Each structure stands twice: as structure tokens, then as C-alpha cells.
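Please look over the sequence and the model below before reading on. The report that comes after them is written for a reader who is new to protein structure.

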Amino acid sequence: MQNKHKAQALLAQMARGLLAHAQRNTKAQLGERASYVGMSDLGRAMQCMRAAVADKSTSGSGVSPEEVAEWFGDGDDQRVQSVLGRQLILQRGHWLETGISKALSANGSQFIAQLEIETTLQQGESSIPLRAHLDFTLVRGGAQPAVRILELKSTGHLPKTLNPAYEMQIYGQLGLLASCWNQPCFNLRAEDGHVLFSGLTFPELAARLFRARLPESPEQVDIEGWVLCLSMSEAKPFGPYLPDEAMHSLALRLAGDLWDNHRKYANGLIRLGDLEYAKGFHPLCDWCDHAATCPKFSSGQVDSPEGDAALRQLEELKANRKSLEQEIRAMEERICRQYARWDAAGGWLSTGKYRFKVSNMPGRTTLNRGRLQAELTSMVGGEVCERILTRSTDMGNPYERLFVGRHPQAATKTQQENNHVASGA
């Protein structure tokens, strides 16, 4: 018991430390995020305006290191481990970023880490502060000048296609780089937030850092953006993305909508519930700090095409799995039957790149509880038998199971439509 308490104490220390580090790092590198619209905010707003506005009005996860200490003191280990698990996922990207930085340095690349672009967008009478924070900006001067924006994303599993929110972010970064190229909009900070350079044009910054000569116009530079998705064992790049005026305009309109909603909410003119939110079983909801008060979860009905689409996809995946399992079983049986016809004497047979054999395996050992109970009862009596069985029985942890079925009304409607078509109408 004492060792278990010590183990939980270690986990609580890790959770507190990661939270404190995240809060300090965010403040040092990104400043007060409620005071401007960032490019990652655009991706958030595109998927869920309610969450994007709520993020602007609150800081971080809403959990403080002090709360973690209180939970540990109260023995609430589940909440401590929940916070720790989330922080490990959120900060994994920063750790991988450090590794990529070392790789770029080892290659002799000229790059800027966490370049900041700061400008103000005028929309009518509104002034919208914009900032972009670029993970890595690679620079090449000379006769063939080039700039590459590299945005890193840490994922548990590499995606087949890039999340549209990430695409919006990279297009926003490219748009600001091109539109602010020869304006004093570029800043660079140290890890502790100390300003190293401020109010420079991009050619000026490149000249100071690398003595690289870049044209005064971005049109004369080969500019690309890439999103590099990283898991713990794999990497997958998406790109190239190029500066695109239409996507830049879309990003600016989205920034204006987000800032307008943020100011209205801050001044009490609207409620969060008045804003559009992600529909269906959106993956954003898994990590949203504002899901507990989301109107989507306040009723007992989902009632959305997005929800139907997700359940239909799940149904199709399960059907495909069943079909694949049947195909695998049929192929295994065919190979086993044909192996028996070769005179292999239980040895390996080679096909070239593969080898295979069929071996007789012992049957699975199982305990017949009824027979055991009968034997014990005859030896020690029923009461003693029940005590032995009770002490020897382990109960598994509770778990969740998803049940999905066709809605009766939907099934009736489908049947009516089929009958209508069959009648020749």
C-alpha cells in the first residue's frame, strides 16, 4: 500500500510539473492569447466557433497545479492520471519539436524556430490583431531564394489525409508571410519570452540571422508550406502548400468572424450557446475543455446527419471486419489442407519470400467450474466450497460497451420507401 501511494505521488508530481511548464511556456512564447487571433485559432473556429471563442475567454485547460495537489491529497487518483495523460499527449509535440530542431541543425539548415508574424487587419471599423507562430522557417538566399514553412503536428496515428483545420492554419501562415513580407511585422523571442528581434521585415530578419540576401518581393521567392505529422515511431509530410490568395482571404474572413464573436461574448452581447458548434461525433470534442457545457450534450437526442454518418461508417467498418475475418479463416484453412498434401513431415516449406508450416497445438486448458464445485462439495462440504470459490474468484473492472442499432422509425420509413418504389410510383 505504501509503495502504491509513492507511485501515485510520483504521477501527481509529473502532472503538476507538466501543467506548470505548459502555462509558463505558453505565456512566454505566445503571450496573452485572448488579445489576438492566432492561426491555430482559425482551424479551431472553422470546426467549432463556440470552442474557439471559449478558448479566447479562458486560459489553458482550466486545471491548475494546485488542484492536482488537492486531488492527490484527497486520493482522487483517477483525475490526477487523467490530467497527466492529457498533458503527455499535448506536450509530446513540443518534445518532438526539439528533436526536429536538432535534426535540422545537424543538417546545417538555416532555420528560424518559432518565428512570430504580428499585424493588424482592418475590416470596416474593426481592427483585428493577428499573430502567426511558425514552428520552423527554413531560409535559403542567393540566386535561387527559397523559404519553407514547416508546421509540426503530433498524432497518435498518422492520418491518411490532413485535417482541414491544419490546412487552414498553414494557409494562414503562408498568407501572412507573403502579405507582410516587406513590412515591419516579424519578431523573434528566446525560450523565456525575451524579445531578440522586433519590428523587422522578413528580408531584414534573414540578413541579420544568416546574412542571407532575399528579394524585396515575395513573388521572387520560392515559398512553400509543409505540415509534418509525427507519431512516436513514424512521420508523414503533407504538402507542398503554396501562398493562395483565395485561401488567405478565407482565413482573414474567419479571423474577423472569430474576433467579432469574441468581443461580443466578452461584452455580454451574446452567449456561447448562440454560436455554431461541431456536430455529430466530432474528434475535437474528445479534447475540448468546454464540452461539459456544450448545448450538443444537453439534450438526449443527437439528431444530426453527421451522427448518422459516423454510425454508418462504424457499421460498415464492422461489416468489413467480419468479411475480412471470414476471408482470413478461409485462406488459412486452404493453406492448411494443401500443406497436408506435401510431404513436409511438419517442417517448413518455402515459397520464396515466405515460409510456412502447420503444427498440431495442444487444446486450450479451461477450468470447469461446475465440476470443480461438485468435487469440492463432496470433499469439504457446500459451505466451505462456496467460501473457497468466492475467495478464488476475481471480478474484472467495469467497462463500457457500445450498442448500435437501426432506429425503428427509420427502418419503417425505409420499408415504406421501398414499397413505394416497388409499386411503380
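What follows describes one helix, the strands, the cysteines, a proline in a loop and the salt bridges.

This is a predicted model, in which local features need pLDDT of at least 70 and side-chain atom pairs count only at pLDDT 80 or more, while totals for chains, interfaces and linings use all residues. Residues are numbered from 1 along each chain as its sequence is written, and side-chain values use heavy atoms, with hydrogens and water left out.

**Helix 8**

Helices (H or I, at least four residues) and strands (E, at least two) are DSSP runs, numbered from the N terminus. Helix 8 covers residues 245-266, which makes 22 residues, and from its first C-alpha to its last it reaches 31 Å, close to the 32 Å expected at 1.5 Å a residue; the expected span is 1.5 Å times one less than the number of residues.

At the N-terminal end of helix 8, Asp-244 acts as a cap, with a side-chain oxygen 3.0 Å from the backbone nitrogen of Ala-246. Helix 8 is followed by Gly-268, which has a positive phi near 75°.

Which residues of helix 8 are buried? Among them are His-248, Leu-252, Trp-259 and His-262, where buried means under 20% relative accessible area, exposed means over 50%, and partly exposed lies in between (1.4 Å probe, protein chains only). The buried residues of helix 8 pack against several elements, including helix 2 (39-47), helix 3 (49-57), strand 2 (111-123) and strand 3 (126-140).

**The strands**

Two strands pair if DSSP finds at least two bridges between them. Strand 3 takes part in each pairing listed in the table.

| Strands | Direction | Bridges | Residues standing opposite |
|---|---|---|---|
| strand 1 and strand 3 | parallel | 2 bridges | Gly-38 and Arg-131 |
| strand 2 and strand 3 | antiparallel | 12 bridges | Glu-116 and His-133 |
| strand 3 and strand 4 | antiparallel | 5 bridges | Phe-136 and Leu-150 |

The hairpin of strand 2 and strand 3 has 2 residues between the strands, and Gly-124 there takes a positive phi near 65°. In the hairpin of strand 3 and strand 4, where 5 residues lie between the strands, Gly-142 takes a positive phi near 90°.

**A proline in a loop**

Pro-145 is found in the loop between strand 3 and strand 4. Is Pro-145 buried or exposed? Its relative accessible area is 9%, so Pro-145 counts as buried. Leaving aside residues up to four places away in sequence, Pro-145 touches Arg-140, Leu-214, Pro-215, Gln-220, Val-221 and Asp-222, a contact being heavy atoms within 4.5 Å. Pro-145 and Ser-57, by contrast, are 88 residues apart in sequence and 41 Å apart in space, C-alpha to C-alpha.

**Cysteines**

How many disulfides does a search of the whole structure find? The search finds 0 disulfides, a disulfide being a pair of cysteine sulfur atoms within 2.5 Å. Cys-288, for example, is in no disulfide, and the nearest cysteine sulfur, that of Cys-48, is 6.1 Å away. Cys-288 is buried, with a relative accessible area of 17%, and Cys-385 is buried at 0% relative accessibility.

**Salt bridges**

A salt bridge is a side-chain nitrogen of Lys or Arg within 4 Å of a carboxyl oxygen of Asp or Glu, and by this rule the count comes to 15 salt bridges.

Asp-41 appears in more than one of these pairs: Arg-33 forms a salt bridge with Asp-41, the closest N and O atoms being 3.3 Å apart, and Lys-56 forms a salt bridge with Asp-41 in which the closest N and O atoms are 2.5 Å apart. Because Lys-56 lies in helix 3 and Asp-41 in helix 2, this second pair ties together parts that are 15 residues apart in sequence. Lys-56 and Asp-41 are buried, whereas Arg-33, at 30% relative accessibility, counts as partly exposed.

The side chains of Asp-76 and Arg-79 also meet in a salt bridge, at 3.9 Å from N to O. Here Asp-76 is partly exposed at 25% relative accessibility, and Arg-79 is partly exposed with a relative accessible area of 43%.

Finally, Glu-116, Glu-118, Arg-131 and Arg-189 are linked in a network of salt bridges. Two of these names have already appeared in the table, since Glu-116 stands opposite His-133 and Arg-131 stands opposite Gly-38.

Definitions and conventions: Polar contact = N/O pair within 3.5 Å; in protein donor to acceptor, adjacent residues only side chain to side chain.
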